[in-house]
Amino acid sequence: MSERAAPFYCPYCGDEDLRPSEEGHGAWECRACSRAFRLKFLGLLAPGAAGPAPSAAPSASDGGTP
Ligand SMILES: [Zn+2]
């Protein structure tokens, strides 16, 4: 099984007229909005990870120091 992932809709305009891009593996082009984008598999979520993304945690960057 390859890691080729085919998007069903353009993430920008929602159109289904997508085609593989010549930019390389995982790259797609939308004929509707002429955007090119790349899909990248980041990995599997940890078991039980159903909450918000760790980067969205307000405790890290939202410090109270003026
Ligand atoms: Zn599009």
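**Close-up views of the predicted model**

**View 1. Contacts of Cys10 in the predicted model.** Leaving aside residues up to four places away in sequence, Cys10 touches Asp15, Leu18, Cys30, Cys33 and Phe37. Two of these contacts, Cys30 and Cys33, also serve with Cys10 as donors of the zinc ion.

**View 2. The zinc site.** Four protein donors hold positions 2.2 to 2.3 Å from the zinc ion. They are the SG atoms of Cys10, Cys13, Cys30 and Cys33. Along the chain, these donors follow the spacing C-x2-C-x16-C-x2-C. The donor atoms subtend angles of 106 to 115° around the zinc ion, so the arrangement is tetrahedral.

**View 3. The largest nonpolar core.** Five residues make up this core: Cys10, Leu18, Trp28, Cys30 and Phe37. Cys10 touches three of the other members, namely Leu18, Cys30 and Phe37. Cys30 counts as buried because its relative accessibility is 2%. Cys10 and Cys30 belong to this core and are also zinc donors.

**View 4. The salt bridge between Glu29 and Arg19.** The whole structure contains one salt bridge. It joins the side chains of Glu29 and Arg19, at 3.1 Å from N to O. The pair links distant parts of the chain, ten residues apart. Glu29 lies in strand β2 (residues 27-30), and Arg19 in strand β1 (residues 18-20). Glu29 has 22% relative accessibility, so Glu29 counts as partly exposed. Arg19 is also partly exposed, because its relative accessible area is 37%.

Key: Residues numbered from 1 in each chain as written. Predicted model: local features only at pLDDT ≥ 70, side-chain atom pairs only at ≥ 80, totals over all residues. Heavy atoms only, no water. Donors = N, O, S within 2.8 Å, 3.2 Å for Na, K, Ca; no water. Tetrahedral: all angles 85-135°; square planar, octahedral: opposite > 155°, others 65-115°. Buried < 20%, exposed > 50% of the residue type's maximum accessible area, 1.4 Å probe, protein only. Core = buried A, V, L, I, M, F, W, Y, C linked by side-chain atoms within 4.5 Å. Contact = heavy atoms within 4.5 Å. Salt bridge = Lys/Arg side-chain N within 4 Å of Asp/Glu carboxyl O. Helix = DSSP H or I, 4+ residues; strand = E, 2+ residues; numbered from the N terminus.
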